Amino acid sequence: MKRMVGAAALAVALFAAPEAVRASGDFGCYPQWRLANPDYACSNRAVLSPGNDTRVNLLYLLRDRAGLATGPGRYPAAGYDAAGFGHVFLDWDQLKSAYYRQPDEAEDAGSGGSRCDSRGGGGDAFGAALAANRAVPESERARLTAARALTGQACAGGDSAAPAWPEGIASTAGRDFLTYLKAADAFYAGRFDEARASFGALRKAQDPWLAETSAYMVARNELVAAQAPAFDEWGDYAGAGKVDKAAVKRGQDALAAYLKAWPSGRYADSARGLVRRAYWLAGDAAGLSRAYAAMLDALDPAGAAAPDLVQEIDNKLLFARGLEGGFDAPLLLATWDLMRMRIEEVPEGEQSYGDPPLSAQELAAQQPMFAGRPDLYGFVQASHAYYVARDYRRVIALIPDDARQPGYAPLAFSRQVLRGMALEAVNDRNAAGFWQDLLGGAKDLYQRPIVEMALALNWERHGKLADVFARGSPIGEAPVREILLQQSAGPELLRAVAARADLPVHERDVATYALLYKQLSRGRYAEFNRDLALVRKNAGKDGGTYDWSLQDLETVPVGLFTRGGWSDGYACPALARTTATLAAEPGNVKANLCLGEFYRLNGFDDLASNGDRPAADELGGAVNGFPQPQRMRAAIYDAVIADPAATPDDKAYALYRAVWCYGPSGNNSCGGADAPEARRKAWFQQLKRDYPGSRWARELKYYW
């Protein structure tokens with residue numbers, strides 16, 4: 001269905017001006033797989049928290065007010081930016097898609113919030129009013145109808161000067177309609193003084209449409225004129241200090257007059273939106289907060305308009321320049337408070353651009369503003385105790401155990417997760433049992449996966465990693481399981497998971513890949529040879545392995561270990577023969593160089609260089625089933641270069657490859673500590689000097 005853009009849509013259009021939004025703007029990222037969410041990044045959870053996008057927190061609070069929870073449902077598809085989120089994390093678009101019908105592309109078309117948005121739709125209303133007025137002669141009606149096309153030429157890039165209007169319009173009603181066209185053209189062209197005078201003259205017109213529309217347009221013209229000095233040619237807003245405050249006051253008076261005369265008029269909804277616009281332009285945070293609070297109270301939290309209102313509040317109240325603070329509505333105040341609990345990491349010598357942290361004194365003074373919402377105020381207090389004061393026992397005291405409910409709306413769920421986080425922080429022995437109890441009621445979208453992550457974190461830290469993968473385990477979230485396989489699991493557990501036919505193929509391939517790579521990179525060649533049999537027939541070998549985020553790959557390239565490349569100029573046997581040689585003779589020069597070839601030809605350099613372990617509070621950061629350091633390709637070349645028993649051809653190839661570790665960008669692609677340029681030059685000179693007849697000396701033209 002094509003969207004009709006008319007006066008009722010003007011409030012949304014006027015609020016679409018560009019604005020710096022510190023809460024939004026989701027970009028591709030890798031979330032931190034931990035429970036605490038202290039600072040805004042790009043991923044959100046179904047748990048109200050400082051690090052969530054403020055839009056996410058506010059929309060969850062709005063839904064909570066109505067007790068909305070979906071129960072089991074279908075997760076929306078993740079866009080490119082959220083591809084690595086699993087169901088533990090979500091972004092703003094996913095949240096909207098999960099609970100609200102999204103507009104079709106055609107319905108979402110528009111011209112970006114310009115005053116010209118109403119130009120097209122207004123023509124139909126003008127034509128209908130003109131046709132209904134019997135006081136306009138037929139000959140004048142035809143000319144006025146044609147003249148309607150002359151208005152707003154500036155919107156299409158035309159001349160902003162007044163067009164050539166029809167002459168000979170003699171009837172009083174006809175002249176009024178012509179005056180309206182002239183006023184509308186002046187408005188669209190930015191001749192606001194002219195528009196003000198013409199619309200003002202029509203407020204007492206005999207035609208009811210002209211009188212009402214002109215009264216509305218007087219207000220709209222004043223507010224557009226007021227904001228004009230505050231926007232530059234690129235659409236950037238300079239703040240309320242640049243706004244024409246006198247024009248704002250005239251606009252507010254005109255809006256009040258219109259709503260008094262036409263409280264249910266054709267433009268009443270838009271006029272109420274313009275009242276909010278006037279508060280914003282005037283820098284009146286208290287007035288705007290009251291207006292939004294009233295709208296939130298009247299809004300259906302399940303209705304399609306809910307995300308749009310939340311977006312508007314985020315842009316125009318929470319983060320509008322000069323409007324910070326002053327919120328006296330519980331939902332708005334809680335959203336603002338959580339944002340002010342964010343922990344900002346400011347590098348030494350740099351200035352913080354965040355808002356002042358919320359103090360305990362401020363929070364205590366807010367209690368009257370949360371009247372009637374002790375559950376919400378208690379949660380804000382507990383969040384402050386956790387994230388700011390780090391008083392975890394106070395969190396436990398503020399939030400009683402209620403982990404055995406059949407279901408949870410967003411706030412109740414957030415309260416219980418915060419309690420569980422505090423139990424973990426004090427190392428309470430009953431924390432695992434708490435998470436298991438909470439699983440039973442975590443039924444809304446995105447709830448159960450985060451509780452599963454919490455339980456997995458607990459089991460990992462308490463030596464129960466195998467319980468995550470036991471038959472009948474309550475932990476089914478695939479990324480949670482696969483991160484633990486990649487980062488924490490030892491050989492016995494990886495081998496067991498890889499061999500289980502009842503598990504998903506992707507998970508088994510992750511386990512096989514992690515097992516074989518870690519054995520290979522840590523010199524456990526005999527085990528590697530034995531476990532090669534775990535690689536499935538026809539297992540994929542093209543997956544783009546560039547880091548340890550195997551859970552994000554559609555195909556885990558475990559087939560590389562049996563069908564990957566192993567020779568490219570330097571003659572090598574298949575990998576299994578190379579590792580068999582290394583199992584018997586770990587120092588074999590040729591076999592080591594061939595192992596380096598396998599790494600190089602199959603993308604394992606990037607895997608090694610990006611293989612940093614997670615932080616201690618993140619999933620996979622507590623246990624390391626392969627504590628031995630991995631051997632980088634650069635170390636292979638260093639050893640061969642230093643080996644007096646290496647053949648001239650092998651040593652020449654090691655020098656050639658050592659230099660190429662830095663070509664052609666100058667960056668080290670082979671892992672380990674960077675070699676200074678002087679050492680790279682020495683390798684190059686040694687190759688040219690000692691092995692001038694070698695193919696590798698002839699081929700190498702530069703060092704980097």
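This report walks through a predicted model of a single protein chain, from its overall make-up to a few local details.

## The big picture

Let's start with the whole chain. The protein chain is built with 32 helices and zero strands. Of its 704 residues, 52% are buried.

The contacts say something about how the chain folds back on itself. Taking the contacts with a separation of 6 or more, 66% are between residues 24 or more positions apart.

## S49, tucked into a loop

S49 sits in the loop between α1 (10-14) and α2 (54-65). Is S49 buried or exposed? With a relative accessible area of 2%, S49 is buried, because the cut-off for that label is under 20%.

What does S49 touch? Setting aside neighbours within four places in sequence, S49 is in contact with N37, N57, L338 and Y387. Closer along the chain, a polar atom of the S49 side chain lies 3.2 Å from the backbone oxygen of V47.

## Helix α21, mostly covered

Helix α21 covers residues 478-487, and nine of its ten residues are buried. The buried set is P479, V480, R481, E482, I483, L484, L485, Q486 and Q487. Note the names in there: R481 and E482 are buried along with I483, L484 and L485.

So what covers α21? The buried residues of α21 pack against four helices, namely α19 (447-461), α20 (465-468), α22 (491-498) and α23 (505-521).

## Salt bridges across the chain

The model has 34 salt bridges in total. One of them pairs E212 with R266, with the closest N and O atoms 3.3 Å apart. This pair links distant parts of the chain: E212 is in helix α8 (residues 208-227), R266 is in the loop between α9 (245-261) and α10 (268-282), and the two are 54 residues apart. E212 has 6% relative accessibility, so E212 counts as buried.

Another salt bridge joins E312 to R276, and here the closest N and O atoms are 2.8 Å apart. Again distant parts of the chain are linked, with E312 in helix α12 (residues 306-318) and R276 in helix α10, 36 residues apart. Both E312 and R276 are buried.

## A salt bridge with exposed ends, and a network

D437 and R404 also meet through their side chains in a salt bridge, at 3.1 Å from N to O. D437 lies in helix α18 (residues 431-439) and R404 in the loop between α16 (392-398) and α17 (410-425), so the bridge ties together parts that are 33 residues apart in sequence. How accessible are the two partners? D437 is partly exposed at 31% relative accessibility, while R404 is exposed at 59%.

Some salt bridges share partners. That is how D193, R196, E222 and R250 are joined into one network.

## How α29 meets α30

Helix α29 (residues 633-642) and helix α30 (residues 648-660) pack with their axes 9 Å apart, at an angle of about 140 degrees. Because of that angle, α29 is oblique to α30; roughly antiparallel would need an angle over 145 degrees. The crossing of α29 past α30 is left-handed.

Which residues make up this meeting point? On the α29 side they are R633, Y637, V640 and I641. On the α30 side, the partners are D650, K651, A654, L655, R657 and A658.

## Backbone oddities

Most residues other than glycine have a negative phi, and most peptide bonds are trans. A few spots in this model go the other way. The peptide bond from G663 to P664 is cis, with omega near 0 degrees. P664 lies in the loop between α30 and α31 (677-690).

Two residues other than glycine stand out for phi. Y446 has a positive phi of about 75 degrees, and Y446 lies in the loop between α18 and α19. N538 has a positive phi near 60 degrees, and N538 is found in the loop between α24 (525-531) and α25 (560-563). Their surroundings contrast: Y446 is buried at 0% relative accessibility, whereas N538 is exposed, with a relative accessible area of 72%.

Key. Residues numbered from 1 in each chain as written. Predicted model: local features only at pLDDT ≥ 70, side-chain atom pairs only at ≥ 80, totals over all residues. Heavy atoms only, no water. Buried < 20%, exposed > 50% of the residue type's maximum accessible area, 1.4 Å probe, protein only. Polar contact = N/O pair within 3.5 Å; in protein donor to acceptor, adjacent residues only side chain to side chain. Contact = heavy atoms within 4.5 Å. Salt bridge = Lys/Arg side-chain N within 4 Å of Asp/Glu carboxyl O. Axes fitted to C-alpha atoms, helices over the stretch in contact; angles between N-to-C directions. Parallel < 35°, antiparallel > 145°, perpendicular 65-115°, else oblique. Left-handed = near helix turned anticlockwise from the far one by under 90°.
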